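Biologist: I would like a close look at one part of this protein, the sheet that goes with the ligand site. Please walk me through that part, then place the rest around it.

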Amino acid sequence: MTKKKDAHAKTFPSAEGETPTVTVSPRGAARLRAGHVWVYRSDLAKDADAPAGSLVHVRDERGRRIGSALYSSASQIAIRMISAEEIADADLPSLIAERIESAVAFRQQVARDTGSYRVIFSESDWLPGLIVDKYNDVLSLQILTQAFDRDDLRQAVTDSLSRHFPEASILERVDTRIRELEQLPARESQLLLGDRSGTIFTVNGVRFHYDGLSGQKTGAFLDQRENYATAASWAHGEALDCFTYQGGFALHLARVCDKVTALDISRAALEVAEQNETLNKAEHRCGEIEWIEANAFDLLKDYATAGRQYDTIVLDPPAFAKTKRVVPTALKGYKELNLRALKMLRPGGTLVTCSCSFHVSEAEFVEMLGSAAADAGRRVRVLEKRGAAADHPELLNVPETAYLKCIICRAT
Ligand code: SAH
């Protein structure tokens, strides 16, 4: 029999009572003591002999206790800290329930005026490897690690979520690539609880379709929720939304602008965008939007050549820098877009420009924008430097939790 690469082939939890110990190198220990929660496999002092997805105790090379972590036998991120104490595997379900309770309580403070928000944001909620988004009455769960794929921990998560949101259906969205990387057996996206996998949800009074199980991922980029409202508060006149997806910014702008043009390279995304427009028009909350299927780089070039001008332009491209190595190329891409947009802005026009590349820092992004403004010969005032909505909090010392930049500026 060939040995199948399957993390579940090993059993967990480990033998009764015995919690495996993982020893981290001085560099790994320093990283944890500085407040990060990950240790890469290359920073383990010796290869850990822990079962996939198990709870491990973490020690430095001198045997000093650092706490407890969730272990992955496959990922480059070998451990993710879950507690500063040495706890037992059997304590995990109740710890998870407590953490979910506090994540929910936090959202009641920061996402009070919406029924759609990120309920659990992995490391930022001390639940590393778990993401839960709430779209009205549907909860969408994503499991990113071996540990949260364990049956007992899945159960703890769904029990707890259904206690806090008794009316909600819960579905799991599977990212095949992540399961492969974690060497977890293949799994389909599916309903875990209840019978609704789709719904209509409202963000800042704008309505959107959500379907968690269709081929095309629908649902919003909830991290932009507050930025949509802020962008609309600065927007006016004729607007262009360049990477509209299902119309997130465009539908917000259509409430305040005279005319909105929105483009995306994906026809499937634009089809949902149009359905979203219909939803909002029915309630007279939406002006006319022209949807265009195009490559933003090409279209901006054509429009610039044709001398088109706008009062408001939104740039919210996909992450150009997926790794550190490609940051210089990504910055060139951002600059090309921002330069063209700035050239097309009428005097007094507003540019809303975003980057969700974690590897591009805010400082680099602002420097790129400055250089684009100089090349465009425009004087540009920064109105707001923003990040993700408060339900996607950045955890200090874990820079990976801060990835979204949204700069709103005005060109004279
Ligand atoms: N602004 C959107 C999210 C954008 S996600 C919102 O708030 O909901 C990035 C989008 O860019 C995706 O919909 C993707 O289809 C689109 N895209 C990627 N490359 C593109 C290109 N070269 N030109 C136009 N759209 C592109």
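Modeller: What follows starts with one sheet, moves to the ligand, and then goes on to other parts of the chain. Keep in mind that this is a predicted model.

Start with the sheet. It is an open one, built from 7 strands in the order 15-14-13-16-17-19-18. The pairing is mixed. Strand 15 (289-293) and strand 18 form the edges, and each of them pairs on one side only. From one strand to the next, the twist averages 15°.

Now look inside that order. Strand 13 (residues 238-241) and strand 16 (residues 310-315) run parallel and are joined by 3 bridges. One pair to find on screen is Leu240 and its bridge partner in strand 16, Ile313.

Two helices go with this sheet. Helix 9 packs on the sheet and touches strand 16, strand 17 and strand 18. The direction of helix 9 makes about 160° with that of strand 17. Helix 5 (residues 225-234) lies across strand 17 (345-355), strand 18 and strand 19. Helix 5 runs at about 155° to strand 18.

Stay with helix 9 for one residue. Helix 9 covers residues 327-344, and Glu336 is found in it. Glu336 has 33% relative accessibility, so it counts as partly exposed. In sequence, Glu336 and Phe297 are 39 residues apart. In space, their C-alpha atoms are 8.0 Å apart.

Next, the ligand. Which residues come nearest to it? There are 14 residues around the ligand, and those that come nearest are Tyr228, Phe243, Asp264, Ala296 and Asp316. Tyr228 falls within the range of helix 5, residues 225-234. Three polar approaches can be traced. A polar backbone atom of Phe243 is 2.9 Å from a nitrogen atom of the ligand. For Ala296, a polar backbone atom is again involved, and the distance to a ligand nitrogen atom is 2.8 Å. Asp316 uses its side chain: one of its polar atoms lies 2.7 Å from a nitrogen atom of the ligand.

Cysteines are quickly dealt with. The structure holds 0 disulfides. Cys242 is in no disulfide, and the nearest cysteine sulfur, that of Cys354, is 11 Å away. Cys242 is at 1% relative accessibility, so it counts as buried. Cys356 is in no disulfide either. From Cys356, the nearest cysteine sulfur is also that of Cys354, at 8.4 Å. Cys356 counts as partly exposed, because its relative accessibility is 24%.

One loop by this sheet deserves a stop. It lies between strand 18 (380-386) and strand 19 (405-411), and it holds His392. Is His392 buried or exposed? His392 is buried, since its relative accessible area is 4% and the cut-off for buried is under 20%. Neighbours within four places in sequence aside, His392 is in contact with Arg118, Phe121, Leu222, Asp223 and Tyr403.

There is another sheet to set beside this one. It is also open, with 5 strands in the order 1-3-4-5-2 and mixed pairing. Strand 1 (21-23) and strand 2 (38-40) stand at its edges. Each has a single partner strand, so one side of each is left without a neighbour in the sheet. Neighbouring strands here are turned by 40° against each other on average, direction ignored. Strand 2 pairs with strand 5 (residues 77-83) in the antiparallel sense, over 3 bridges. Within that pairing, Val39 stands opposite Ile79 in strand 5.

This sheet has helices too. Helix 1 (residues 26-33) packs on it, touching strand 2, strand 3 (55-59), strand 4 (65-71) and strand 5. The direction of helix 1 makes about 165° with that of strand 2. Helix 2 (residues 92-110) lies across strand 3, strand 4 and strand 5, and it runs at about 70° to strand 5.

Last, two backbone details. Most residues other than glycine have a negative phi. Gln183 has a positive phi, near 55°. Gln183 lies in the loop between helix 4 (176-181) and strand 10 (190-193). Asn204 also has a positive phi, near 50°. The loop that holds Asn204 runs between strand 11 (198-203) and strand 12 (206-211). Asn204 is partly exposed, with a relative accessible area of 29%.

Terms used:
Residues numbered from 1 in each chain as written. Predicted model: local features only at pLDDT ≥ 70, side-chain atom pairs only at ≥ 80, totals over all residues. Heavy atoms only, no water. Pairing = 2+ DSSP bridges. Helix = DSSP H or I, 4+ residues; strand = E, 2+ residues; numbered from the N terminus. Axes fitted to C-alpha atoms, helices over the stretch in contact; angles between N-to-C directions. Contact = heavy atoms within 4.5 Å. Buried < 20%, exposed > 50% of the residue type's maximum accessible area, 1.4 Å probe, protein only. Disulfide = S-S within 2.5 Å. Near = heavy atom within 4 Å. Polar contact = N/O pair within 3.5 Å; in protein donor to acceptor, adjacent residues only side chain to side chain.
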